[in-house]
Amino acid sequence: MSETTETPNYKKSLNLPKTTFPMKANLVQNEPASLKRWGTLGEKKGLYHAMTETSAGRERFVFHDGPPYANGSIHLGHLMNKCLKDFVVRSKFMNGFDCPYVPGWDCHGLPIEHRVMTDLVESGKAAKLDGLSDDNRRMAVRRECKAYADKQIKLQRGQMERLLTVADYEDPYLTFEPRYEAGVLEVLAGLCEQGLVYKALKPVHWSVANETALADAELEYQDREDLSVYVDFEARDADAVYDAFGLEGDARPTATPSFMIWTTTPWTLPANLAIAVHEKFTYAMVRIDGNYTVLAQELIEGVTKLAKSEDVEVLATTTGDRLVGLGYVHAFRDAPPTPSGDPDADTSTCYTVVSADYVTLEDGTGLVHTAPGHGADDYQTGLKNGLPVYCPVRGDGTYDETVPEWLAGMSIWDANQKVADLLTESGHMFHAHTFMHSYPHDWRSKTPVIFRCTEQWFVGVDRETKRDGRSLRELALKATGEDRSVQYVPSWGRNRMRGMLESRPDWCISRQRSWGLPIPAFTLPDGGAFMTSASVLAVTEVIRAKGSDAWFTEDPATLLAHYDPTSDPDAPGVLKDGSVSFEQLTKGQDILDVWFESGSSWNAVMRQRSEGKDFPVQLYLEGSDQHRGWFQLSLLPSLGVMGRPAFRTLLTHGFMVDKDGKKLSKSSGASLKDLFERYGADVLRWWVSSLAYENDVKVDEEFFKNSGESYRKIRNTLRFMLSNLNDFDAPESLDFSGFHVHSIDAWVLGEYNTMRDAVVGAFEKYAFHEAHKLLYKFCNTTLSAEYLSAVKDRLYCDAPDSERRRNTQKTLWFLTDALCKLLAPVLCHTADEAYRALRGADPKDGSVCVHLTGFPERVKLESATGWPKVMELLEGVAKTIENARTERGIDNPLDLGVKLPDPEGMLKWFDRVDLADLLGVSRVEVGGDSVEVLDLREEPRCDRSWKRDGTVKRRADGGMLSDRDALAVGTV
RNA sequence: GGGCCUGUAGCUCAGUUGGUUAGAGCGCACCGCUGAUAACGGUGAGGUCGACAGUUCGAGUCUGUCCAGGCCCA
């Protein structure tokens with residue numbers, strides 16, 4: 001006790017770590033301050049602007065941001081998507097590229113219009129709108145939609161900036177802007193020029209009450225009582241049917257057999273054109289109460305029980321594929337209808353049995369009534385089999401003149417019973433009953449909807465382009481296939497994309513809505529459609545100047561002011577010869593599919609803003625659902641118009657799922673806003689960088705906690721390094737060539753070189769997960785556990801200006817600086833905070849900013865080739881020491897020394913103090929045959945460094961000191 | 001039902017062309033330090049690699065079937 005009071009207190013003579021860089025990050029408060037400070041950069045235009053200026057003239061790396069839909073707060077999906085994009089842009093910038101990032105929003109479309117309409121209906125304003133003219137009503141809706149979208153964009157933009165993403169938020173692309181709309185119409189014109197755009201009939205959900213097409217989101221399902229009918233259609237050729245069942249001789253009945261179909265919409269029977277069967281199902285020829293009929297074997301019992309049939313006998317069975325091609329006679333029509341506008345059309349495939357995969361055995365008869373004009377499946381089947389798209393129902397729900405006279409003009413709802421009665425009278429009705437089922441209704445009028453064919457615009461994927469005769473499908477398969485002009489990350493994206501391209505149908509690009517970009521098509525007085533490449537370009541000029549509202553507010557003559565039919569080879573003859581004037585044209589009512597708008601962004605944003613230079617762009621990056629969405633729907637227009645893909649690389653990420661791997665429900669999990677407030681953006685970004693994003697990503701509150709812990713490790717490492725640079729000014733040069741290659745500093749710089757190359761390489765291949773791990777390991781193991789714990793002694797105890805200490809500080813300064821730069825793309829707040837602390841930047845001086853620098857270079861110093869071997873040796877020795885400590889009960893490793901054998905003479909090159917510090921022991925001796933752990937407890941201990949290095953003795957100031965420490969405190 | 005993908009320690013992930021006893025981090029347990037301290041360092045225990053078959057001298061790795069999950073279609 002008395003000894004401790006007599007010896008000098010050396011603690012004050014140590015160079016202990018000291019820093020203002022706080023241990024607690026306080027991200028939630030401090031990140032907004034960083035944002036504000038970055039805002040002062042680039043002549044107050046902000047960080048993005050400053051980065052653009054810095055990188056001007058460098059090689060360009062063009063990333064193109066896909067537009068999120070402007071609706072609602074950003075969520076966990078956006079978190080991953082936007083962070084990954086930010087990592088790309090920031091790492092490319094740090095790696096020496098000029099990397100523009102124009103963010104965008106998808107602003108048109110049904111979700112917004114639907115939302116706005118709901119509000120209008122609830123507030124009672126919708127009724128007032130109904131009194132307005134068509135154009136005026138649509139303009140009113142469009143104004144409301146625009147205001148709503150503006151609000152959403154502002155909200156999302158703020159949240160994305162809070163995520164610390166850097167992009168040109170001052171000048172984003174918005175799909176409702178006139179310049180963007182013009183860019184989309186240019187693409188439409190280009191496709192018209194290639195002969196790919198056409199108009200055709202397609203069934204859609206149709207509200208009879210409002211006489212309008214409806215989207216899925218505008219349907220609500222309600223119970224409804226309908227008539228369920230089982231109808232026999234007589235075979236055209238009885239023998240052919242019996243042949244299919246293998247019924248020969250006496251077994252073959254003399255009566256004509258029928259095909260029994262089932263439907264709950266008898267009103268569509270006049271439009272019946274085919275019967276669909278499944279090729280693999282088993283069908284039976286059954287005698288039911290004296291009649292011969294075909295139905296699926298599995299359903300015989302159900303159907304006959306329902307009808308209370310008494311005499312049921314199966315004569316034979318066959319498979320569906322044997323029935324395909326057989327003809328039948330319609331129950332109440334003499335001949336197939338001739339499709340409108342084409343009296344010479346081939347109707348030979350009508351009234352035959354066709355094959356379809358969607359036929360099920362769940363209900364009905366296994367033979368499906370097919371009316372291509374009244375059902376989506378039926379339509380596809382019709383296309384495959386060359387059936388006309390026949391729809392005898394008018395917009396108001398009444399039949400036109402093409403149906404039998406007794407139905408013409410009748411409402412389809414009345415027709416249900418009428419058709420059933422007639423079928424019963426004529427003996428075709430096997431059974432009829434009423435039943436309840438869930439049926440789609442119009443969300444506004446609450447009335448049942450029907451499927452009805454309407455004229456729609458399409459982009460044909462199998463039509464020959466005028467350029468070289470190759471179709472979009474051919475071009476797309478070539479571009480995604482052997483041609484290899486598109487790279488995929490991960491590589492299976494290629495297969496997925498190809499699978500979809502092989503089977504996709506023509507693209508229906510028209511919608512019957514208000515909130516969107518009008519398709520600039522006109523109707524001629526004779527009812528024909530008029531839209532050519534030149535006419536679209538002419539209207540484009542008006543829309544570029546006045547926006548798409550002009551379509552609703554201007555008349556056809558004004559819209560076509562720039563159009564000259566006499567110089568347009570595709571113009572209709574009546575316009576060319578002047579027999580029809582522009583005033584006689586009617587404007588089309590359709591708008592473009594929003595996917596067409598976003599799918600044209602390569603032109604409307606990238607080409608437009610770079611005068612055509614940024615095409616194709618280097619990278620598109622979105623969730624894997626966009627293989628079918630934005631990726632494919634950008635690919636097709638760019639192939640059509642430009643003849644090549646809009647992108648060189650497609651990078652996809654997976655989806656967020658819950659901790660059990662299940663789909664994330666809307667209500668589950670914390671909102672992103674809560675996560676910001678609890679963890680701060682850097683922790684969330686750190687988490688995103690750790691993800692194997694190509695797969696599904698599990699997300700749970702706990703993961704953010706873990707990420708926060710992991711973040712703190714990085715932060716503490718930076719803090720410890722900063723705190724040991726307290727008395728060190730920025731080095732004049734970062735030349736380490738004077739360093740001894742066997743020094744511990746050279747070792748860590750060698751480790752740095754390896755890590756640095758690996759991290760930069762990982763960023764280059766978008767392997768952020770890999771960069772994350774490398775950086776974490778370097779901070780945690782290489783620095784914290786190895787280098788820093790070894791150099792603590794010299795940092796604390798050496799004389800402040802000793803060369804050894806200053807060399808280590810120079811190394812530390814360099815490593816801290818380098819780490820900040822390597823971490824900057826991910827931990828953008830913390831990296832900048834540490835970078836500024838390293839330089840002692842004034843809090844108000846934003847000009848000191850890591851984000852305007854670049855990735856650090858390799859150090860031009862090769863550490864001694866013996867280091868890996870030495871480190872391996874030391875690792876083994878550390879185990880031996882650990883064992884010796886437990887065996888001999890020595891708690892403090894500084895009470896130990898080690899004697900190392902050196903048979904190869906390798907150790908003589910290395911500093912024994914370095915080796916001792918790496919092992920955490922007081923001294924290392926070389927010699928002997930095996931590793932020997934020395935108990936030094938009997939040797940004197942330095943009061944200052946606590947080491948027993950063999951030089952410790954009583955000094956003039958009265959303390960027990962080693963030579964080094966005596967020198968440091970200036971005693972002898 | 002179809003296309004693409006995933007399934008390795010409690011959790012998050014590595015595992016090259018099939019080849020010793022399947023690795024890392026987190027978490028956990030224990031220990032040390034108290035001059036990085038709401039920090040730091042060390043040691044250790046955890047796995048029949050989704051299941052079942054097959055190919056092979058040898059399979060986490062190749063093939064098939066099945067189970068569970070995701071995205072996109074139908």
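**Group meeting talk: cores, sheets and two buried residues**

I would like to begin with one residue, Val688, which, once its neighbours within four places in sequence are set aside, is in contact with Leu79, Met80, Cys83, Leu84 and Phe87. Please keep in mind throughout that what we are looking at is a predicted model.

Val688 belongs to the largest nonpolar core, which has 150 residues, and together with Leu79, Trp687, Leu749, Tyr752, Leu783 and Tyr787 it is among those that touch the most other members. If you ask which helix gives the largest share of this core, the answer is helix H28, residues 768-797, with 13 residues. There is also a second core, separate from this one, made of 76 residues, and including Phe245, Val277, Tyr379 and Leu423. As general background, nonpolar side chains in soluble globular proteins tend to be buried together.

Let me turn now to a sheet. Four strands form an open sheet in the order S1-S23-S24-S16, and the pairing is parallel. Which strands stand at its edges? They are strand S1, at 63-64, and strand S16, at 487-489, and because each has a single partner strand, one side of each is left without a neighbour in the sheet.

Going inward from S1, strand S23, residues 617-623, runs parallel to strand S24, residues 647-653, and six bridges join the two. To place the register on your screens, you can take Val617, whose bridge partner in S24 is Phe647, and then Leu621, whose partner in S24 is Leu651. On the S16 side, S16 and S24 also pair in the parallel sense, here over three bridges, and Val489 stands opposite Leu651 in S24. So far as burial goes, S24 is mostly covered, with six of its seven residues buried.

What packs on this sheet? Helix H5, residues 76-94, does so, touching S1, S23 and S24, with its direction at about 155° to that of S23. Helix H23, residues 630-642, also packs on the sheet and touches S1, S23 and S24, and its direction makes about 145° with that of S23. Taken together, S23, H23 and S24 make a β-α-β unit, and this unit is right-handed.

The next element is helix H27, residues 744-764, where a check on length is possible: at 1.5 Å a residue its 21 residues should span 30 Å, and since the C-alpha atoms at its ends are 30 Å apart, the two agree. Is H27 enclosed or open to the outside? With 15 of its 21 residues buried, H27 is largely enclosed by the rest of the structure. After H27 comes Tyr766, whose phi is positive, near 60°.

There is another open sheet to show you, this one of three strands in the order S28-S27-S29, with mixed pairing. Its edge strands are S28, at 923-926, and S29, at 932-935, each of which pairs on one side only, and from one strand to the next the twist averages 25°. Strand S27, residues 896-900, runs parallel to S28 and is joined to it by four bridges, with Val898 having Val924 as its bridge partner in S28. Lying across S27 and S28 is helix H32, residues 912-919, which runs at about 125° to S28.

I would like to finish with two individual residues, beginning with Ser535, which has its place in helix H17, residues 533-546. Is Ser535 buried or exposed? Ser535 is buried, because its relative accessible area is 0%. Not counting residues up to four places away in sequence, Ser535 touches Phe530, Leu560, Tyr563 and Asp568.

The other residue is His428, which sits in the loop between helix H14, at 412-425, and strand S14, at 429-442. With a relative accessible area of 16%, His428 is buried, the cut-off for that word being under 20%. Which residues does His428 touch, if those up to four places away in sequence are not counted? They are Tyr230, Val231, Asp232, Ala331 and Leu423, and Leu423 is one of the residues that I named in the second core. As for distance, His428 and Leu273 are 155 residues apart in sequence, and from C-alpha to C-alpha they are 17 Å apart in space.

Technical notes:
Residues are numbered from 1 along each chain as its sequence is written. Chains are lettered from A and ligands numbered from 1 in the order in which they are written. This is a predicted model: local features need pLDDT of at least 70, side-chain atom pairs count only at pLDDT 80 or more; totals for chains, interfaces and linings use all residues. Side-chain values use heavy atoms; hydrogens and water are left out. A nonpolar core is a set of buried Ala, Val, Leu, Ile, Met, Phe, Trp, Tyr and Cys residues joined through side-chain atoms within 4.5 Å. Buried means under 20% relative accessible area, exposed over 50%, partly exposed in between (1.4 Å probe, protein chains only). Contact means heavy atoms within 4.5 Å. Two strands pair if DSSP finds at least two bridges between them. Axes are lines fitted to C-alpha atoms, for helices over the stretch in contact, and angles run from 0 to 180 degrees between N-to-C directions. A crossover is right-handed if, with the strands pointing away from the viewer, the path from the first strand over the helix to the second runs clockwise. The expected span of a helix is 1.5 Å times one less than its number of residues.
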